[in-house]
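Q: Hey, can you walk me through this one? I'm new to reading structures.
A: Sure, here it is.

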Amino acid sequence: MADRLSAFRVALLEWYDSNKRDLPWRASSDTYSVWISETMLQQTTVTAVVPYYERWMERFPTVGSLATASEEGVLTLWQGLGYYRRARNLHRAARTVVAEGWPSTYEGWLALPGVGAYTAGAVCSIALGLETAAVDGNVARVYSRIHACSETDTKKMARKWAERLAIGERPGDVAQALMELGATVCTPRNPACGRCFARASCKARAS
């Protein structure tokens, strides 16, 4: 089992290195930019987020500039992305960070306003290089198809699987690769199985 997991991890990173999309937030592993992008990407498509992210980083390039902004200014820039509580929580969390410093642990990130398990895992792995998992709908779908996992077990089992895959070098790239695979290949409808490096061992494809 460990050998299969290790082989999948190697193949996943090789696939990611050759196929990852060129996205503005991937130009840097800066904690602030990763946090902003991951928050914006919740409940929103990558295509929709790109222009918002670029405008946001131009207006609020640092956590300090966000912390000192007015709530009205923050919400105005967020307008159109929906789920406005995300913007308010970013604003509140920025003020906490300016006052107390960036969290250095998963638990520290969870303590910030609006930060849940997914965002904490993503920021910790991508920006801090910690061996944490970031499980969104894409990752859960990839897991459920490869392992033919029942729907009731998917989220819990997918997290355990992703946590094991995170162990080792490049945990941030592992997290992004799993999400990228679900977003571009193992899609909700009409998955591109012919382009998937894991097709030979995918139980859903076999059935």
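A: Let's begin with helix α11, residues 171-184: its 14 residues reach 20 Å from first C-alpha to last, close to the 20 Å expected at 1.5 Å a residue. That expected span is 1.5 Å times one less than the number of residues, and helices are DSSP runs (H or I, at least four residues) numbered from the N terminus.

Q: Is this model predicted, and how are residues numbered?
A: This is a predicted model: local features need pLDDT of at least 70, side-chain atom pairs count only at pLDDT 80 or more, and totals for chains, interfaces and linings use all residues. Numbering starts from 1 along each chain as its sequence is written, and side-chain values use heavy atoms, with hydrogens and water left out.

Q: Is α11 largely enclosed or not, and why?
A: Largely enclosed by the rest of the structure, because 11 of its 14 residues are buried (under 20% relative accessible area, 1.4 Å probe, protein chains only). Among them are Val174, Leu178 and Glu180.

Q: What covers the buried residues of α11?
A: The cover includes α1 (2-19), α2, α8 (117-126), α9 (137-147) and α10 (154-165).

Q: New topic: at what angle do α2 and α3 pack?
A: About 145°, with the axes of α2 (residues 31-40) and α3 (residues 46-59) 10 Å apart. Axes are lines fitted to C-alpha atoms over the stretch in contact, and angles run from 0 to 180 degrees between N-to-C directions.

Q: Which residues in α2 and α3 meet?
A: Tyr32, Ser33, Ile36, Ser37 and Met40 in α2 meet Val49, Tyr52, Tyr53, Trp56 and Met57 in α3, where contact means heavy atoms within 4.5 Å.

Technical notes:
Helices (H or I, at least four residues) and strands (E, at least two) are DSSP runs, numbered from the N terminus. Buried means under 20% relative accessible area, exposed over 50%, partly exposed in between (1.4 Å probe, protein chains only).
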